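Student: I am new to this structure, and I would like a close look at a single part of it. Please pick one place where two elements meet, and then lead me on from there, explaining the terms as you use them.

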Amino acid sequence: MNKSEQKFIAIVWEYYKKHKRHTLPWRKTNDPYLIMVSEIMLQQTQVDRVIPKYEVFIKTFPTIKSLAKAPLASVLSLWQGLGYNRRAKMLHECAKAVTKAGGSFPRTKEALLALPGIGAYTAGAILAFAYNEPTPIIETNIRTVYLHHFFKDRTDVSDKELFTVIQTTLDTNRPREWYYALMDYGAYLKKTVGVKNNQSKHYTKQSTFKDSDRQIRGAIIRALVEKRNHLTRAELHALLGQFIDIRIDSQLQSLTNEGLISLVKGRYTLPT
């Protein structure tokens with residue numbers, strides 16, 4: 001490790017010592033199930049929006065078995081306000097898969113990746129935050145930190161390049177705390193020096209939500225939650241009148257194909 005890397009580590013720890021975010025509820029547990037819930041909720045969703053949803057969710061489904069036994073309709077109902085409802089379905093499917101396999105979470109990255117809805121980052125996060133395993137991980141705040149300190153004058157930086165520095169500077173004794181420190185510092189950098197992720201080769205700007213397919217999908221699920229299911233196509237069209245009929249029908253078909261809604265005797269409903 002060179003001097004610049006040593007200096008970088010000192011800067012991150014010093015910031016964390018003074019400004020650690022004490023209020024994040026998922027940092028108070030090493031339960032892999034609760035870590036998984038928080039990580040999937042945090043995907044593309046701001047921390048402040050996640051906290052109240054996370055607390056209600058784990059109170060309702062305190063164990064992975066309780067989530068596995070719940071109807072998907074109940075999971076989707078609690079998920080409202082977080083967006084990307086497909087995440088809720090994959091979380092539910094993951095809970096069922098783990099429960100079916102005996103209820104214990106895998107402890108290897110390969111086994112975690114075999115679960116529904118678990119990608120490379122989420123698998124690594126479970127290993128780091130639940131088991132304190134020193135595995136390299138990267139997400140938006142971590143990426144921001146390394147781009148800012150090691151690639152200031154670069155564009156088109158690959159995650160492979162970032163992983164090399166992440167591995168070199170990883171605290172193998174305290175990986176859980178080290179990643180908390182990086183994330184807190186990254187959140188600070190975003191507010192003070194601006195988003196650096198557009199320097200990344202893998203950065204994709206999120207599409208506009210207004211009048212998007214995502215907005216229509218969310219509106220359909222929300223309508224079924226609020227109206228307690230069992231709506232006809234005509235009733236849904238009336239409720240979603242701000243959108244073009246053909247786009248509503250297209251998303252009704254997509255949601256049905258994905259198993260997020262069901263069509264039973266001419267009426268749409270949330271799955272049981």
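Tutor: Let us start where Tyr121, Ala128, Phe129, Ala130 and Tyr131 of helix H8 meet Arg176, Tyr179, Tyr180 and Met183 of helix H11. This is a predicted model, in which local features need pLDDT of at least 70 and side-chain atom pairs count only at pLDDT 80 or more, while totals for chains, interfaces and linings use all residues. Residues are numbered from 1 along each chain as its sequence is written, and side-chain values use heavy atoms, with hydrogens and water left out.

Helix names come from DSSP runs numbered from the N terminus: a helix is H or I with at least four residues, and a strand is E with at least two. "Meet" here stands for contact, that is, heavy atoms within 4.5 Å. H8 covers residues 120–131 and H11 covers residues 175–192; the two pack at an angle of about 120°, and their axes are 8 Å apart. H8 is therefore oblique to H11. To place that word: under 35 degrees is roughly parallel, over 145 roughly antiparallel, 65 to 115 roughly perpendicular, and the rest oblique. The axes are lines fitted to C-alpha atoms, for helices over the stretch in contact, with angles from 0 to 180 degrees between N-to-C directions.

What classes of residue make up this contact of H8 with H11? By class, eight are nonpolar, none is polar and one is charged. Ala, Val, Leu, Ile, Met, Phe, Trp, Tyr, Cys and Pro count as nonpolar, Asp, Glu, Lys and Arg as charged, and the others, Gly among them, as polar.

Now step to the loop between helix H7 and H8, where we find glycine 119. Glycine 119 counts as partly exposed because its relative accessible area is 31%; buried means under 20%, exposed over 50%, and partly exposed lies in between (1.4 Å probe, protein chains only). Leucine 115 also sits in the loop between helix H7 (109–113) and H8, but leucine 115 is buried, because its relative accessible area is 13%. Setting aside residues up to four places away in sequence, leucine 115 touches Cys94, Ala97, Val98, Phe105 and Pro106. One of these, valine 98, is 17 residues from leucine 115 along the chain, and their C-alpha atoms are separated by 7.8 Å.

Arg176, from the H11 side of our contact, gives us a way to place tyrosine 146: the two are 30 residues apart in sequence and 17 Å apart in space, C-alpha to C-alpha. Tyrosine 146 belongs to helix H9, residues 140–150, and with 0% relative accessibility tyrosine 146 counts as buried. Beyond residues up to four places away, tyrosine 146 touches several others, among them Phe8, Leu162, Val165 and Trp178. Val165 also serves as a marker for glycine 119: the C-alpha atoms of glycine 119 and valine 165, 46 residues apart along the chain, are separated by 21 Å.

Another loop worth a visit runs between helix H5 (72–79) and helix H6 (86–100), and asparagine 85 is found there. Is asparagine 85 buried or exposed? Asparagine 85 is buried, because its relative accessible area is 10%. The side chain of asparagine 85 makes a polar contact with the side chain of glutamine 80, at 3.1 Å. A polar contact is a pair of N or O atoms within 3.5 Å; within protein, one must be able to donate a hydrogen and the other to accept it, and residues adjacent in sequence count only if both atoms are side-chain atoms. Tyrosine 84 lies in the loop between H5 and H6 too, and has a positive phi of about 45° although it is not a glycine. At 26% relative accessibility, tyrosine 84 counts as partly exposed.

We can end at an open sheet of three strands in the order S1-S3-S2, with antiparallel pairing. Its edge strands are S1 (231–232) and S2 (262–264), each pairing on one side only. Strands pair if DSSP finds at least two bridges between them, and two bridges join S1 to S3 (residues 267–269). Leucine 231 stands opposite tyrosine 268 in S3. Arginine 267, also in S3, is 36 residues from leucine 231 in sequence and 5.1 Å from it in space, C-alpha to C-alpha.
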